[in-house]
Amino acid sequence: SSHFGLRPTPRAARNRIPAGAGARDPPAGAMQRPLLPRLSWAPSVSFDVHTGLAVSRLDVAMIYLTIFLDTLAATISTPALPYYAREFGASNADIGYLFAAWSFTSTFCAPSLVRLSDRFGRKKVLVLSLVGAGVANFGQASAASYWILFSWRAFSGVWAAVTSTAQVYLTDVCSPEVVDDYLAKLSAVPGAAMIFGPGLGGGLATFGLNFPILVDGALSLVGALLVWIYLPEAPQRGIQGVPTPTASSPGGEKKPRAPQAITPVPREVYVLGTSGFLFGIAFGTRVSMQVVGLHAKFGFSALQVGYVYVAFAISSLVQSFWVSPWAQKRFGVFAVAILGTLVQGTFTPMGFALMPGIWSSLLFMVIGNSGFSFRNAANGPLSAMFCDATNRGTIFAQVQMMTNFGRMVGPIVAGRLAEVNAVTWPWYFSGFCAWLSASLLLPLIGRTARKPTTKAMRPAMEGFSDLLSADAADETGTPEDFARVGDFVGGLLRDRNYPWVSHQAAVLEMMDQLLPPLRGTPGDRLEDLDLLASHAEQLQYEFRRGGDREPGLFT
């Protein structure tokens with residue numbers, strides 16, 4: 001369904017008083033008390049009752065395609081990158097620094113891009129990130145020394161905001177009932193890309209170890225072009241170009257009002273970020289040292305490593321696309337995240353350090369990779385539990401920044417440990433951090449900032465509202481209907497001590513502000529209910545602010 005908002009009725013209509021009411025108004029020339037602030041409401045996102053989306057399914061598919069191309073590009077080049085660095089005389093520690101450089105810049109730069117998406121829109125940040133990543137990959141492919149490669153690798157981390165921005169986009173356009181499912185499916189897309197990327201990268205490496213990186217850059221630019229052409233901007237509040245509330249002074253001139261109040265970041269987000277930091281250490285160790293460990297233990301080439309990555313990808317696809325959504329609905333997001341982190345922290349170290357044969361080692365590594373997929377699928381829903389439309393980008397960026405910081409620390413420490421033994425110490429370190437990460441999630445179970453959803457509100461609303469009814473009656477009304485409602489409202493205002501006689505114009509204006517216009521068509525009943533909830537939140541904010549401290553009806 002289309003998006004809609006509250007539009008104030010014309011001033012003349014708003015000030016139209018029923019016959020006889022004018023006699024009770026203050027005399028001409030007397031000081032008029034200003035009425036309630038006139039609000040020009042920002043659009044309220046509405047969701048299709050059948051899909052639970054504020055955009056079409058094709059638009060969501062475009063987000064999935066963007067993540068697919070971004071991950072495909074990265075997985076084409078990642079298996080070849082350590083071997084490419086070896087051509088410049090890089091040690092195990094130098095390879096760790098290479099991955100840490102990307103994580104360092106992504107820690108401090110990429111979250112800023114996600115925050116900027118709150119102001120300028122998700123689409124623009126997605127395009128900018130993809131273009132920046134493409135340019136950085138072309139620079140890496142043309143490097144003439146290790147330090148030039150290092151510099152371009154660090155530059156590529158600046159633009160590592162594609163996945164986080166895509167998660168925020170989905171949270172914008174999905175209703176609370178379906179957001180976890182769509183975020184879980186989003187986490188499965190990288191697994192699908194990894195089925196093709198590593199094997200393709202291994203094959204491309206036969207033409208030159210920099211060739212997969214060139215293809216990485218080209219795919220990033222293709223993704224940017226597709227997003228620019230086909231992806232609509234997410235319908236959200238607070239971005240540039242969306243109207244914000246305005247207020248009228250007694251003279252009638254309008255002045256800008258503050259935008260919607262930004263909800264403070266809950267304390268639970270800092271705990272979630274710390275858990276993400278430790279998970280990032282385990283993840284960064286896995287990404288940076290996996291090739292080094294496989295080469296040290298089994299002597300694998302870039303092509304053989306690509307085959308191992310394909311096996312990991314198939315496992316991730318099954319876990320993320322089918323198993324994780326079911327498990328999250330059945331056992332809860334926290335249970336899935338904790339279990340996945342523990343599986344990763346147990347089986348991956350065992351596969352590298354303890355299992356003697358190739359096949360037993362690879363089996364344990366695949367199981368550990370499945371645990372990583374469980375946790376990765378839960379990261380987006382975990383962040384979504386503690387945010388709303390006003391702070392969503394900030395919270396997602398903050399958690400991602402902490403995770404990226406861990407991804408920076410992991411390769412540095414693991415690279416130094418790999419100088420001692422690449423098969424054991426990096427993986428013991430990774431497993432220890434994964435267990436700590438899981439333990440920090442335990443206190444958060446049952447704590448959430450997510451507000452009751454429309455679905456949860458239905459039993460309360462059905463007792464006194466026809467908003468969810470399937471049929472729409474003729475609401476024109478007869479003179480008897482007007483008289484009956486007028487008698488009821490007048491008695492209600494009298495019994496509840498409103499000054500409705502001496503300040504009748506102000507009371508009528510207040511009632512006009514309290515009741516937003518609804519769409520009124522049968523297919524939009526749920527959207528109307530969402531609109532009422534949004535309207536009540538904005539009114540609460542306006543009353544808290546005291547109408548810019550101006551005198552009003554009750555002052």
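**Helix H16 and its surroundings**

Tutor: In this predicted model, the buried residues of H16 pack against H11, helix H13 (333–353), helix H14 (358–384) and helix H15 (392–420).

Student: Which residues of H16 are called buried?

Tutor: Pro426, Trp427, Phe429, Ser430, Gly431, Cys433, Ala434, Ser437, Ala438 and Leu441 are the buried residues of H16. To count as buried, a residue must have under 20% relative accessible area.

Student: Why are H11 and H16 described as parallel or antiparallel to each other?

Tutor: The axes of H11 (residues 267–298) and H16 (residues 425–441) cross at roughly 160 degrees and come within 8 Å. Angles over 145 degrees count as roughly antiparallel, and H11 and H16 are therefore roughly antiparallel. H11 passes H16 in a left-handed crossing.

Student: What makes the contact of H11 with H16 nonpolar, polar or charged by class?

Tutor: On the H11 side the meeting residues include Val271, Leu272, Leu278, Phe279 and Arg286, and on the H16 side they include Trp427, Phe429, Cys433 and Leu440. By class, this contact of H11 with H16 has 15 nonpolar, six polar and one charged residues. Arg counts as charged, and Arg286 is among the residues of H11 that meet H16.

Student: How do you know what span H16 should have?

Tutor: At 1.5 Å a residue, its 17 residues should span 24 Å, and the end C-alpha atoms of H16 are 25 Å apart, which agrees. The expected span takes 1.5 Å times one less than the number of residues.

Student: What makes H4 enclosed by the rest of the structure?

Tutor: Of the 17 residues of H4, 13 are buried, so H4 is largely enclosed by the rest of the structure. H4 (residues 92–108) reaches 25 Å from its first C-alpha to its last, close to the 24 Å expected.

Student: Why is isoleucine 63 called buried or exposed?

Tutor: The relative accessible area of isoleucine 63 is 1%. The cut-off for buried is under 20%, so isoleucine 63 is buried. Isoleucine 63 lies in helix H2 (residues 57–77). Leaving aside neighbours within four places in sequence, isoleucine 63 is in contact with Leu126, Ala166, Tyr169, Leu170, Leu186 and Leu231.

Student: How far apart are isoleucine 63 and valine 189 in sequence and in space?

Tutor: They are 126 residues apart in sequence and 10.0 Å apart in space, C-alpha to C-alpha.

Student: Why is asparagine 497 called buried or exposed?

Tutor: Its relative accessible area is 69%. Exposed means over 50%, so asparagine 497 is exposed. Asparagine 497 lies in the loop between helix H18 (479–495) and helix H19 (504–514). Its phi is near 65 degrees, a positive value in a residue other than glycine.

Technical notes. Residues are numbered from 1 along each chain as its sequence is written. This is a predicted model: local features need pLDDT of at least 70, side-chain atom pairs count only at pLDDT 80 or more; totals for chains, interfaces and linings use all residues. Side-chain values use heavy atoms; hydrogens and water are left out. Axes are lines fitted to C-alpha atoms, for helices over the stretch in contact, and angles run from 0 to 180 degrees between N-to-C directions. Helices (H or I, at least four residues) and strands (E, at least two) are DSSP runs, numbered from the N terminus. Angles under 35 degrees count as roughly parallel, over 145 as roughly antiparallel, 65 to 115 as roughly perpendicular and the rest as oblique. A crossing is left-handed if the near helix is turned anticlockwise from the far one by less than a right angle, and right-handed if clockwise. Contact means heavy atoms within 4.5 Å. Buried means under 20% relative accessible area, exposed over 50%, partly exposed in between (1.4 Å probe, protein chains only).
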